[in-house]
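Biologist: I have a predicted model in front of me and would like help in reading it. Please take a close look at one part of the chain, and set that part against the rest.

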Amino acid sequence: MIGILQSMATTMKHALDGQTFTIEYPESVPHVSPRFRGVHKFSQERCIWCRQCEIVCPNDTIEIKLDDKRQGEEYNLHIGQCIYCRLCEEVCPVDAIVLTQQFEFTGDTKADLVYNKEQLKNVPWYKGLDPLASREPTRSAWVGEIDGEIDYQ
Ligand code: SF4
Ligand code: SF4
């Protein structure tokens, strides 16, 4: 009983102090934590088609097709079934796949939420946030040492 009263008091305190925790989206742009995991960005230029991301993915979100010379033909990501665990990003040896903070994407059908490599390449950074820099600075520095800049095009 005391716990209920305490929680009601907390609710009333926040209800009456005039603070607002909601925004009028999409007129107002929400702040997204640097650790938020949104849709992926993929760099075909970086990818070595090792398939590690496809193998580690726990629910078959990533689908890679190679030609008979083991060169990449297709990289499809079924974003509608992704659980944003970030295992694909962690396992990639060349940082070819990263999760952005981008959450503004929709689709009317399941097929609309299958992104091919061109669509993944064109996923915009959310508010210009670079997820590697905000989450793991040392890893970002390592990326920078390779090419001079982060270049997920
Ligand atoms: S974030 Fe997790 S579920 Fe989504 S594609 Fe990567 S490994 Fe698969
Ligand atoms: S783990 Fe990285 S390099 Fe390997 S196929 Fe996936 S995106 Fe490409």
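**The stretch around helix H2**

Modeller: Of the contacts in the chain with a separation of 6 or more, 68% are between residues 24 or more positions apart. The chain has 153 residues, and 20% of them are buried. Six helices and five strands make it up, and from the N terminus the order of the elements is α-β-α-β-β-α-β-β-α-α-α. All of this comes from a predicted model.

The part to look at is H2, residues 52–56, with the loops on either side. The loop ahead of H2 connects it to S1 and contains Arg51. Arg51 is not a glycine, yet its phi is positive, at about 70°. Most residues other than glycine have a negative phi. What is the exposure of Arg51? Arg51 counts as partly exposed because 14 other C-beta atoms lie within 10 Å, and the class of partly exposed falls between 12 or fewer and 20 or more.

On the far side of H2, the loop that leads to strand S2 (62–66) holds Asp60. Asp60 likewise has a positive phi without being a glycine, here about 55°. With 9 other C-beta atoms within 10 Å, Asp60 is exposed, since the limit for that class is 12 or fewer.

The two ligands bear on this stretch as well. Ligand 2 has 13 residues around it, and those that come nearest are Cys47, Cys50, Cys53, Cys92 and Ala96. Cys53 is one of these, and its number falls within the range of H2, 52–56. By type, the shell of ligand 2 holds eleven nonpolar residues, one polar and one charged.

Ligand 1 is also surrounded by 13 residues, and the closest are Cys57, Thr61, Cys82, Cys85 and Cys88. Its shell consists of ten nonpolar residues, two polar and one charged.

One further backbone feature lies earlier in the chain. Pro26 sits in the loop that runs from helix H1 (2–16) to strand S1 (40–42). The peptide bond between Tyr25 and Pro26 is cis, with omega about 10°. Most peptide bonds are trans.

To sum up the part in question: Arg51 has its positive phi in the loop ahead of H2, and Asp60 has its own in the loop after H2. Arg51 is partly exposed, whereas Asp60 is exposed.

Notes. Residues numbered from 1 in each chain as written. Chains lettered and ligands numbered in written order. Predicted model: local features only at pLDDT ≥ 70, side-chain atom pairs only at ≥ 80, totals over all residues. Near = placed C-beta within 6 Å. Nonpolar A, V, L, I, M, F, W, Y, C, P; charged D, E, K, R; others polar. Helix = DSSP H or I, 4+ residues; strand = E, 2+ residues; numbered from the N terminus. Contact = placed C-beta atoms within 7 Å.
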